[in-house]
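Visitor: Could you take me through one part of this protein up close? I'm new to this, so please go step by step.

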Amino acid sequence: MFDLLRCHFLDHLLKADRGIGVAADSGKHVPQIGADKIRFGHAASDLVVPADTGLGAWMPFHRGTQIPLEGTHIVARNAEPHRIHHTDEFLRIGIAGTGSGQQFLHRFFKAVRLHKITRRFDVGQRRSGGENGCHGQGRNAQFEVAHNSFCSPDLPLIVPTDNSNGLPAGKRCLRNNRLAAASLALALVFSAGPVHAGDDDTTHVLPPTLSEADFLPFDEKRAALGRLLFYDPVLSGNRNISCGTCHHHDLASADALPLGVGEGGRGIGRKRTVGSGSERIDRRVPRNAPALFNLGHKDIRHLFHDGRLSVDNIFGNGFNSPAEEYLPRGLNNIVAAQALFPMTSETEMAGRPEENEIAGARNNRIDYVWPLLAERVRNISGYGTLFLEAYPDIDKPVDISIVHIANAIGDFVISEWRSFDSPFDRYLNGDSQALNAKERVGMTVFYGKGGCAACHSGPLFSDQEFHALALPQFGPGRTRTFDLIVRDVGRMGETDRLEDAYRFRTPSLRNSALTGPYGHNGAYASLEEMIRHHLEPQAAFDRWSRDHVALPVHEGLADVDFAALEDRRERMRVRNAVDIRPVDLNDQEVQQLVAFLNTLTGEKSIRGRLGRPQSVPSGLPVD
């Protein structure tokens, strides 16, 4: 009661005098801000100011709420959604990182219940011609950079250019309000990224650098054990495919195919075939195999293209997953949890129910699969000693469980493909010669006119949100049980919300030059093609044809492969689902952008830390 009364007093006092709204309950009544509302350019600056939405300021807090407050301009430093979700905030400024300075400031501002900055401070406004002295990012940028009368040229603000926030036209900068100035200054002391003066006279805030401290801890013995399990076909129903088949060291932790060829196929990469005889596949894997770089980063909260696995204790086991309450407890991280699901997939690793007991068990209940696989591993003598050495709670091989197996694979993946040794990383760390002139201009296009950082933000180059791009649909799609046609509705399949239809998770761009084809189904073979699709999504959709994609030949699947694309109604639904606006880049700028994306390719890290094993304890062949 005292807490509520104090907040009520502060709310009225400060709102009347300084325009500051105060939320009670440590911010539980303050909505989240997501990239889909902040939109374009939000992560390219220290401060982000989204437009008004006409919703009440006391909207109940919800984990998925992503709507700004009415009558306010909420300022969020480095407003990547994953940082807002999982870091503390003061004055609606997300504190990225875990340093003592951030923690101290959070505790201080949290104690006085200051959670947002209102329009009383008049933060930022659109560029209006050339008379306001603010520097724009070009006529095609959805957001423009403005400098305030606070007033430092190194303090860029990104604001909507459509004037939908209700502010009058012309330059609007911070008025002489000492409280606002002090608050923002404190935030900038802990700026997460260096400021870069672009070649087009705009100012861009680059992402913070990556280091080992940004990643989850791992155990060396478990990682070494996980390396063997990762490449051992014993974890598949018919003992003929492993995790490493589709996430191979020689293929930058992916498989180089648009859609994977799982259980029953032969070979790796572009040489992989659909198998033969009774083992021949009867369905392709519905989606492109994602690369595994930097999955051990502490901010990773969703996995799979539709985000159907997330960190959430809704079922009491730490994760919201397809297994719901049947996912075993004790999994150390989201990567360990993810490792369990390909083992249960008929097309990926399990096989058909008539072929083996693993696939048969899956038809009964998903968690019936995992004890059977653990039993297989327990019965291989070569694994017994390794598990005993890696896990203090294992006294004898019979104690080995699927949780031990998954945690070992998780430790291997989160430690194997940590990549932050690219030329761009050297540039962030002060080596001005790490990028050539063309690459630096490409960086300016990326953070400026191209608007790429609106979604590909932060050190991982992903906002970890979900966006619809009108990518052409082909292949079997990830259909739901009640879908009557071949299609893939993306995020909607997980959330059952119509607004999520055809949205897919933003992929990281690190090492993207090595991990094509691109898109959730590998619709484009090259980075340039994928970039050009972003420039005009619907026109690119209309131009796309089956000639763009090279699927491993399977005559029996010809009718299915492009069924969704040939269905007129489904085609139009996919075409009309677009969350990004067209961008006007010329050919030179596209090439510059490609050059910059190539600077995100790691050097030694792309080969992996431990590498692919030559053999595994089961004695089965290693792909």
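Guide: Here is a walk around helix 15 and the loops that come after it, with a few other stops for context.

Keep in mind that this is a predicted model. The chain has 22 helices and 12 strands. Of its 623 residues, 59% are buried. Take the contacts between residues with a separation of 6 or more: 68% of them link residues 24 or more positions apart. The accessible surface adds up to about 25,400 Å², and carbon and sulfur atoms own 51% of that.

Now zoom in on helix 15, which covers residues 437–447. It packs against helix 22, residues 587–598, and the two axes are 7 Å apart. The angle between them is about 100°. Since angles of 65 to 115 degrees count as roughly perpendicular, helix 15 is roughly perpendicular to helix 22. Who does the touching? On the helix 15 side you'll find Lys-438, Glu-439, Val-441, Gly-442, Met-443, Val-445, Phe-446 and Tyr-447. Helix 22 answers with Glu-589, Gln-591, Gln-592, Leu-593, Ala-595, Phe-596 and Leu-597. Sort the residues of this contact by class and you get 9 nonpolar, 3 polar and 3 charged.

Next, follow the chain out of helix 15 into the loop that leads to strand 11, where His-456 sits. With a relative accessible area of 12%, His-456 is buried, because buried means under 20%. Setting aside its neighbours within four places in sequence, His-456 is in contact with Phe-446, Phe-461, Ser-462, Thr-506, Pro-507 and Leu-509. You've met Phe-446 already: it belongs to the helix 15 side of the contact with helix 22. Thr-506 is worth a look too. It is 50 residues from His-456 along the chain, yet their C-alpha atoms are separated by 7.0 Å.

Stay in that loop between helix 15 and strand 11, and you'll come to Gln-464. Its phi is positive, about 60°, although Gln-464 is not a glycine. Is Gln-464 buried or exposed? It counts as buried, at 1% relative accessibility.

Strand 11 itself covers residues 466–467. Past it, the loop between strand 11 and helix 16 (492–495) holds Ala-470. Here again phi is positive in a residue other than glycine, with a value near 60°. Ala-470 counts as buried as well, at 3% relative accessibility.

Further along, there's a peptide bond to look for: the one that joins Gly-516 and Pro-517 is cis, with omega about 0°. Pro-517 is in the loop between strand 12 (504–505) and helix 17 (527–535).

Let's step back along the chain to Asp-399, in the loop between helix 12 (381–390) and helix 13 (402–416). Asp-399 is partly exposed, with a relative accessible area of 26%. Not counting residues up to four places away in sequence, it touches Arg-378, Asp-393, Ile-394 and His-404. Asp-399 and Phe-387 are 12 residues apart in sequence, and their C-alpha atoms are 9.4 Å apart in space.

One of those partners, Arg-378, is in helix 11, which spans residues 369–378. Helix 11 has a packing partner of its own: helix 10, residues 357–364. Their axes come within 8 Å and cross at roughly 155°. Angles over 145 degrees count as roughly antiparallel, and therefore helix 10 and helix 11 are roughly antiparallel to each other. Glu-357, Ile-358, Ala-361 and Arg-362 of helix 10 meet Val-369, Leu-372, Leu-373 and Arg-376 of helix 11. That contact has 5 nonpolar and 3 charged residues, with no polar ones.

Last stop: a little sheet story. Strands of a sheet pair through backbone hydrogen bonds, either parallel or antiparallel. Here, an open sheet of 3 strands has the order 8-9-10, and the pairing is antiparallel. Strand 8 (302–303) and strand 10 (319–320) stand at the edges with a single partner strand each, so one side of each has no neighbour in the sheet. Strand 9 (residues 309–311) is joined to strand 10 by 2 bridges. To find one of the pairs yourself, start at Ser-310 and look across to its bridge partner in strand 10, Asn-320.

Conventions: Residues are numbered from 1 along each chain as its sequence is written. This is a predicted model: local features need pLDDT of at least 70, side-chain atom pairs count only at pLDDT 80 or more; totals for chains, interfaces and linings use all residues. Side-chain values use heavy atoms; hydrogens and water are left out. Axes are lines fitted to C-alpha atoms, for helices over the stretch in contact, and angles run from 0 to 180 degrees between N-to-C directions. Helices (H or I, at least four residues) and strands (E, at least two) are DSSP runs, numbered from the N terminus. Angles under 35 degrees count as roughly parallel, over 145 as roughly antiparallel, 65 to 115 as roughly perpendicular and the rest as oblique. Contact means heavy atoms within 4.5 Å. Ala, Val, Leu, Ile, Met, Phe, Trp, Tyr, Cys and Pro count as nonpolar, Asp, Glu, Lys and Arg as charged, and the others, Gly among them, as polar. Two strands pair if DSSP finds at least two bridges between them. Buried means under 20% relative accessible area, exposed over 50%, partly exposed in between (1.4 Å probe, protein chains only). Accessible areas come from the Shrake-Rupley method with a 1.4 Å probe; for residues, only the protein chains shown count as cover.
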